[in-house]
Protein chains: 2
Amino acid sequence: MERTNVGIVGMGTVGAGVARLLLDQGDRTARHAGRTLWLKRVVVNDVAKLRDVELPEGLLTNDLMTILNDPDITVVAQLIGGLEPARTIMLQLLESGKDIVTANKALLAEHGPELFDRARELGRSIAFEASVAGGIPIITNISQCLSANQIESLRGILNGTSNFIVSQMEDRGADYSAAVAEAQKRGFAEADPTMDVDGTDAAQKLAILAHLAFGARVHWSEIPRVGIDTLDPADLRYAKELGYRIKLLAIAQLDGLLELHVSPTLVQIGQPLAEVREAYNALSVVGDAVGRVFFHGLGAGQMPTASAVVADLIDTAVGRTGLTFQTLQLWSKQEARVTMGEHSSVPGRYYLRFTVDDTPGVLAEITGVLGRHQISIASVIQHEADGQIVPLVIMTHTATEGAAAAAVTEIDQLACSRQPSVRMRVLD
Amino acid sequence: MERTNVGIVGMGTVGAGVARLLLDQGDRTARHAGRTLWLKRVVVNDVAKLRDVELPEGLLTNDLMTILNDPDITVVAQLIGGLEPARTIMLQLLESGKDIVTANKALLAEHGPELFDRARELGRSIAFEASVAGGIPIITNISQCLSANQIESLRGILNGTSNFIVSQMEDRGADYSAAVAEAQKRGFAEADPTMDVDGTDAAQKLAILAHLAFGARVHWSEIPRVGIDTLDPADLRYAKELGYRIKLLAIAQLDGLLELHVSPTLVQIGQPLAEVREAYNALSVVGDAVGRVFFHGLGAGQMPTASAVVADLIDTAVGRTGLTFQTLQLWSKQEARVTMGEHSSVPGRYYLRFTVDDTPGVLAEITGVLGRHQISIASVIQHEADGQIVPLVIMTHTATEGAAAAAVTEIDQLACSRQPSVRMRVLD
């Protein structure tokens, strides 16, 4: 049987999972690839470090040149996180003739154009299924399985850490910091979870999907984003009372113009996205031919991510990745196929919570401001106050993002307003 | 730009959808394929028949030879239903050097070994994404995206007609025949829906998935199957009272041995499969690395199915299908990679409904029989009777299929038993 020699650079959690699949499941990968995938070299920083996979003698080294200078190694799983040295190593690997498989979403979101252009120039490929939604094969599904469609919308729960934290807050009534601590204890959040909880990670993944599905040329940092790090348990309770759950959604909507954003959003209970619990990820994709397709699975973790990396290694060894890569024009110098819309003109329904003085005329004053901004009200919750200050929850009919933002800013400046108000989108 | 000439044989609903995508969305297919997909010929039985797509002059013919003898046409969407002449035409197409895309699941389930062997001998490919679950790209997901996994189980709602009928019965309290009439009126059921409602269609799809995911060599007719055509609205009501919905599930479970069956099954409300409504399809797939991945989408209909066919046409034109086809060994003469288990030894929980005399000692008599068959009881519903006959609903703990069947047969022969009892599996 023919053999494809594989290298791994970086042996963290995912790398160990990939090595384990390659070493323990050789029959399986060979059957699917029609050739042996032979793990020939693993490059790490520190060869002495203990790892949760047993590697055969002589595989492990800290010398990248053993891969770069070995023409027999044709495919490399580049599993180093962060931007540098990951970027430099990827360029070196491409220049030495390797096809790449990577899970590094931050690197692609930041340096995609440079890396993909270089790969195309060199006739090489970069596969990146594991970079978005872990075990859910959303990259292949969008770029290949749904290729007969114009994708019209994507709605995703793409950050498992955030979803776990919000689920904890909802199910156990935990406040934000207690939920973060629980997520850290259970291994679902890093010591510094900032990039996960502030929407950065989801925005980076959304940027990759937007390039793929819409031919957008947007940089992740241009995507308006709000995280869950300021979420108040009170809003989870009000949402539930209204029949909703709050989820950190990454949304792409094509409606002539393309609109992208990441934000905590109210999703009606019973809708599939509302029922995504714990650290799971999910995507709801609408194509003009296929209609709505919904995907749900583990978005992170050693073996789900390794599953995606090894599928990419097989695709690359078989030759499918090379064929796909040529047609994708991903992050190419070609012009964007789509024009970005103004975030402020995007329509949507809103959940608003005001904290106001419990005095006569306040409701009239607030609804007056909303009315002047052409925002009509769908429902109101005001429970009896147990003090001088009362929370007022309003669900609006469809308004623009700009009008909703302006109205809330104006209301926050009223004398009756006692705390900055809360504004969240409601999924249609 | 290079051009791949495409033929279509058969212009029913799906064929018209495929033609529309190829004719109207040429830019889109060209972008994904890196070449133009050019619809060069459409072969039908009756050229005079009115169709819901406008074809350019000269495309339509009733002469298959115009495709067989045209070496420029390299890929053909073979969209004739049924076994003959579909089988003969497919062999002719392969022999004249065409790669095939098909949606004909019955043909593959019946003649897969012959057709796939012939395609391999001739160095051609057969793509069949549209044959199972319509718009859900389950074939590519199993054979490519999840290729790093040993699939451990598949649970699918694969027949949209049955799901629509059961949803109608549940939501509207309709009886079976009224629900069938509604499904026919809305275009979700054919004039003769037998193959859909008796489990045949789901078993054929399950056979295809079992070949793909487990290397099974099972013929669909060997798969134990029960349809929804004898479903009683009373059981939907009892199931709901117990917190379940009834779904026609196609199940493959690998537990050393492989077990396959199709049957109405109680699924706990809140579980994703329980929430699949109307004519939707869904699959829950467990892989040993990826964990559980859930897919939901339209399992039939013109454009969802056309979406799958055109994705296959693109994959075939790009060359991906050829690469995949070589490694799949699907329906090959190779031995099965898996041994089939005995249906009777499969463990499971059961919903049992007995219709019995409302006399003292009956509950003891029935539970006595269950006990002798080592079947222990999880819960019982017996409402007050309004006559001499009373329904008795029992949920069991885990028992084998064989023990449950034997116990029910024995109970049906008791003097107190007034109607054949109902026995359905409960999903764990």
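Helices (H or I, at least four residues) and strands (E, at least two) are DSSP runs, numbered from the N terminus. The model is a predicted one, in which local features need pLDDT of at least 70 and side-chain atom pairs count only at pLDDT 80 or more, while totals for chains, interfaces and linings use all residues. Residues are numbered from 1 along each chain as its sequence is written, and chains are lettered from A, with ligands numbered from 1, in the order in which they are written.

**Exercise 1. Backbone exceptions**

Task: Locate A:A133 and A:Q374, and state for each whether the residue is buried or exposed.

Solution. Begin with A:A133, which lies in the loop between β6 and α6 of chain A and has a positive phi of about 65° although it is not a glycine. A residue is buried if 20 or more other C-beta atoms lie within 10 Å of its own, exposed if 12 or fewer, and partly exposed in between, with C-beta atoms placed from the backbone. A:A133 has 32 other C-beta atoms within 10 Å and is therefore buried. Turn next to A:Q374, in the loop between α14 (362-372) and β13 (377-381) of chain A, where phi is again positive, near 65°, in a residue other than glycine. A:Q374 counts as exposed, because it has 11 C-beta neighbours inside 10 Å. As background, most residues other than glycine have a negative phi, and most peptide bonds are trans.

Task: Find the residues joined to A:P85 and B:P85 by a cis peptide bond.

Solution. In chain A the cis bond joins A:E84 and A:P85, with omega about 10°, and A:P85 is found in the loop between β4 and α4 (86-95) of that chain. In chain B the cis bond joins B:E84 and B:P85, with omega about 10°, and B:P85 sits in the loop between β4 and α4 (86-95) of chain B.

**Exercise 2. The parallel sheets**

Task: Give the strand order of the six-stranded open sheet in chain A, and explain why β3 and β6 each have one side without a neighbour.

Solution. The order in chain A is β3-β2-β1-β4-β5-β6, with parallel pairing, where two strands pair if DSSP finds at least two bridges between them. Because β3 (60-61) and β6 (126-127) of chain A stand at the edges, each with a single partner strand, one side of each is left without a neighbour in the sheet. Within this sheet, five bridges join β1 (residues 3-9) to β4 (residues 73-78) of chain A, and A:V9 stands opposite A:Q78 in β4(A). Helix α1 (residues 13-24) of chain A lies across β1, β2 (36-43) and β4, running at about 145° to β2(A); axes are lines fitted to C-alpha atoms, for helices over the stretch in contact, and angles run from 0 to 180 degrees between N-to-C directions.

In chain B, six strands form an open parallel sheet in the order β3-β2-β1-β4-β5-β6. Two bridges join β5 (residues 99-102) of chain B to β6(B), and B:V101 stands opposite B:A127.

**Exercise 3. Core and domains**

Task: Identify contacts of B:V309, beginning from the largest nonpolar core.

Solution. A nonpolar core is a set of buried Ala, Val, Leu, Ile, Met, Phe, Trp, Tyr and Cys residues joined through C-beta atoms within 7 Å. The largest has 292 residues, and B:V309 is among those with the most contacts inside it. Two residues are in contact if their C-beta atoms, placed from the backbone, lie within 7 Å; not counting residues up to four places away in sequence, B:V309 touches residues including B:V18, B:V101 and B:A130.

For the domains, whose bounds come from an automatic or database domain assignment, chain A is given domain 1 (3-134 + 304-328), domain 2 (140-298) and domain 3 (344-426). The C-alpha centres of domain 1 and domain 3 of chain A lie 51 Å apart.

**Exercise 4. The contact between the chains**

Task: Determine which element supplies the largest share of the side of chain A that touches chain B.

Solution. The contact takes 45 residues from chain A and 45 residues from chain B. On the side of chain A, the largest share, nine residues, comes from α12(A). Across the contact, three bridges join β11(A) to β11 (residues 291-298) of chain B, the strands running antiparallel, and A:F295 has B:F295 as its bridge partner.
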